[in-house]
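Student: I'd like a close look at one part of this model, the way its helices pack. Could you walk me through it in one go?
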Amino acid sequence: MPDYDEVTAFLGEWGPFQRLIFFLLSASFIPNGFTGLSGVFLTATPEHRCLVPDTVNLSSAWRNHSIPLEKKNEEQVLQKCRRYRLATIANFSALGLEPGRDVDLEQLEQENCLDGWEYNKDIFLSTIVTEWDLVCKDDWKAPLATSFFYVGVLLGSFISGQLSDRFGRKNVLFLTMAMHTGFSFIQVFSVNLEMFTLLFTLAGMGHISNYLTAFVLGTEILSKSVRIIFATLGVCIFFALGFMVLPLFAYFIRDWRMLLLAITLPGVLCGPLWWFIPESPRWLISQGRIKEAQVIIRKAAKVNGIVAPSTIFDPNETNTLQDGTPKKSQSHHIYDLVRTWNIRILTIMSIVLWLTISLGYFGLSFDTPNLNGNIYVNCFLLAAVEVPAYVMAWLLLQHVSRRYSMAGSLFLGGSVFLLLPLVPSELYYLSTVLVMVGKFGITSAYSMVYVYTAELYPTVVRNMGVGVSSTASRLVTILSPYFAYLRSYNRHLPYILMGSLTILTAIITFFFPESSGVSLPDTIDEMQKVKRIKQTQSLSKKGSSRTSKGKVSPQESKGKVPQT
C-alpha cells in the first residue's frame, strides 16, 4: 500500500479541516492544564498554630504568649505543633503573673495541639489540609494525595496506548475525558482524605490518558508538516494556557471545593467535540475498516473544498497490506534496551536525562508556595514563562543541533538554580526572576526531550525506549511533592540539588549522539554510537596520522565520517 501521507496529499497541508482539528484537539488540553498542578492550591498548607480555646481563662498577655517560639531561618517564629501547657499558664494568669517578667517562658512545660489548630485565612479560606488537619504528625498526607494523582498518571500511561490501539483513538479520548471530568467532579464531595485520594488517582489516570490519546490522534490526522507544530506548540502552549488560568481561578475562589468544581466544569465543554473530531483514518485502515476511513477523508476533502479522487485506497493494495505483509523476522522485547553496550549506555543516559528534567520541572512547580511573594502571581508567572520556552524549544529544534539545544537549556536552568542561594533574602524580586529563568530552561529541555529521545532509538525499540525513560520520570514525579520538605534541613537545599543534578546532566548530554539531520535508525545495528572520551581522543590521533601519511580510513572509503 502506498504511503498514507502520499495518498491523502490531495487534502492539502493547512486547509479548514486541518485547522479545525488542530485547534479543537489543542483546546482539549486546556482542562489538563487546570488539573495537572491543581495540587499546588488544593493541598496547600497555610500558616497555622495550636488552637487555644476561648473557654480557657487567660489574660491577653498570656494568650499572646501561649505559643512557644522557635528559630527558623535565623528568625524567631511561632511553633506550629506545640503550645505551653494550658493548665499551667491558666494558673499563672489567675495569680496575676506576667509572662517573661515573672515567669521564665523557656522553663515552661509544653504540650501538643490537643484542641486542634487555627489557620491563617489571608491566602486560603480552606484546603484539604485545613479541612482534615493534615499538619504536624500528619503533614505527610497532603503531599501523598498529590503523589497518588501521579500514580494514576503512571497507570494511565501504561493502559491508554493499549486501549486506544484496540478500541480506537476517538472512543478512548472521549471516554478518558469523561473519566477525568467525572471523577474530578465527584472529588468535590469527598468526605475524607481516603476518598479524595482515591478519586484523585482515578482522575490522574483520565488526565494522562486523554492527553496521550489526543496527542496521537492529532499526529495521525494532521499532515506531516503540521503535526510537528501540533506536537511542539499546539499541545504544549494550550496546556500552558490552562496552567495560567489555574492561579486566576484560585485567586478568586479561595475554598478548595469550589475551586475544584470551577476547574472541573470546563471539561464538560469538551463533550460536544465528539461531533467535530473524527476517528483516526490511519487506525481505521489498520483495523481493515477501509470504507469508514474513506468516508472521513471524503468529508475532510469536502470541508477543504477539494474534490476527492474516486478511489482513495485500492482494495487490492489494502488487502496486501493486511494479509500479505511478511511477518517481522525478529521480535523485540524490553531487554533489547540493554542488549548491546551502546544501547545499554544510551538507555541509562536517557533515563538520567528524563529523571533530572522531571525533577526540575515538577519540583519547582510544587515549590511555588515556598517562593517569596504572592503565590498566585508566582504560579501565573511559572505558567506564563512556559509559552516562550516552548517557542524557543521549537526554534532550537529547527536551527540548532539537538545536543547543544538540550545542553544549553539544562545549563541555563542549572546555573540559575545554583545562583539562587547566593541572592540575599531581601532581594526576593531578583530571586523570583531567577526562578522564572530556571523554569524557562527546564521547560525548554522538557519539550525537546521527547523529540530527541525518539530520534536516538531505532524503530524496532523506539516506543519501548521512550516509554522506559518516560516511566522513570513518572516515578520522580510521584516523589516531587515531597521535594519541598528538604527546606526543613536547609532552605536552599532543593535548589542546590536541582542545580547540581541539572548541570551534571547537561555535561552528560554532550556524550549523546547527534540526531539532527540524521536519518532515523531502523535497527539496533544502525544506531549511532554513544560518544566516549577515549574514542574521541583516538579519532583525533587517527585523523592526524591520516593527514601525515595521506591514507584514507575505511569509514571514509565507504563515504562515512566518524562521529565526533
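Student: Does α19 pass α22 in a left-handed or a right-handed crossing?

Tutor: Left-handed: that's how α19 passes α22 (the near helix is turned anticlockwise from the far one by less than a right angle; clockwise would make a crossing right-handed). Before going on, keep in mind that this is a predicted model, where local features need pLDDT of at least 70 and side-chain atom pairs count only at pLDDT 80 or more, while totals for chains, interfaces and linings use all residues. Residues are numbered from 1 along each chain as its sequence is written, and side-chain values use heavy atoms, with hydrogens and water left out.

Back to the pair. α19 covers residues 402-419 and α22 covers residues 493-509 (helices are DSSP runs of H or I, at least four residues, numbered from the N terminus). Their axes sit 8 Å apart and the packing angle is about 160 degrees (axes are lines fitted to C-alpha atoms over the stretch in contact, with angles from 0 to 180 degrees between N-to-C directions). That's why α19 and α22 come out as roughly antiparallel (over 145 degrees; under 35 is roughly parallel, 65 to 115 roughly perpendicular, and the rest oblique).

Who touches whom? On the α19 side you'll find, among others, Arg403, Met406, Leu410, Gly413, Gly414 and Phe417, and they meet an α22 set including Tyr495, Ile496, Gly499, Ile503 and Thr509 (contact means heavy atoms within 4.5 Å). By class, this contact holds twelve nonpolar, eight polar and one charged residues (Ala, Val, Leu, Ile, Met, Phe, Trp, Tyr, Cys and Pro count as nonpolar, Asp, Glu, Lys and Arg as charged, and the others, Gly among them, as polar).

Now the other partner of α19. Helix α16 (residues 341-366) and α19 have axes that come within 12 Å and cross at roughly 45 degrees, so these two are oblique to each other. This crossing of α16 and α19 is left-handed. Leu353, Ile357 and Leu364 of α16 make the contact with Met406, Leu410 and Phe417 of α19. Sorted by class, that gives six nonpolar residues, no polar and no charged. Look again at Met406, Leu410 and Phe417: these α19 residues also appear in the contact with α22.

For contrast, take α17 (residues 375-384) and α20 (residues 428-456), whose axes come within 9 Å and cross at roughly 30 degrees. α17 and α20 are therefore roughly parallel, and here the crossing is right-handed. Asn378, Leu381 and Leu382 of α17 meet Thr432, Val435, Met436 and Lys439 of α20. Four of the residues in this contact are nonpolar, two polar and one charged.

A quick word on empty space. Searching the whole structure turns up four cavities of 30 Å³ or more (on a 1 Å grid over the protein atoms alone, sets of points where a 1.4 Å probe fits but cannot get out; lining residues have an atom within 4 Å of a point). The largest cavity holds about 60 Å³ (grid points are joined across faces, edges and corners, and the volume is the space filled by probe spheres set on the points). Its lining includes Phe41, Arg254, Asp255, Trp256 and Tyr376, and the classes there are seven nonpolar, two polar and two charged. The second largest cavity has about 50 Å³ of space, with α9 (169-187) and α3 (30-36) each supplying at least two lining residues. α9 gives the most, three residues.

Terms used:
1 Å grid on protein atoms, 1.4 Å probe; cavity = no way out; pocket = protein on both sides within 12 Å on 5 of 7 lines; lining within 4 Å.
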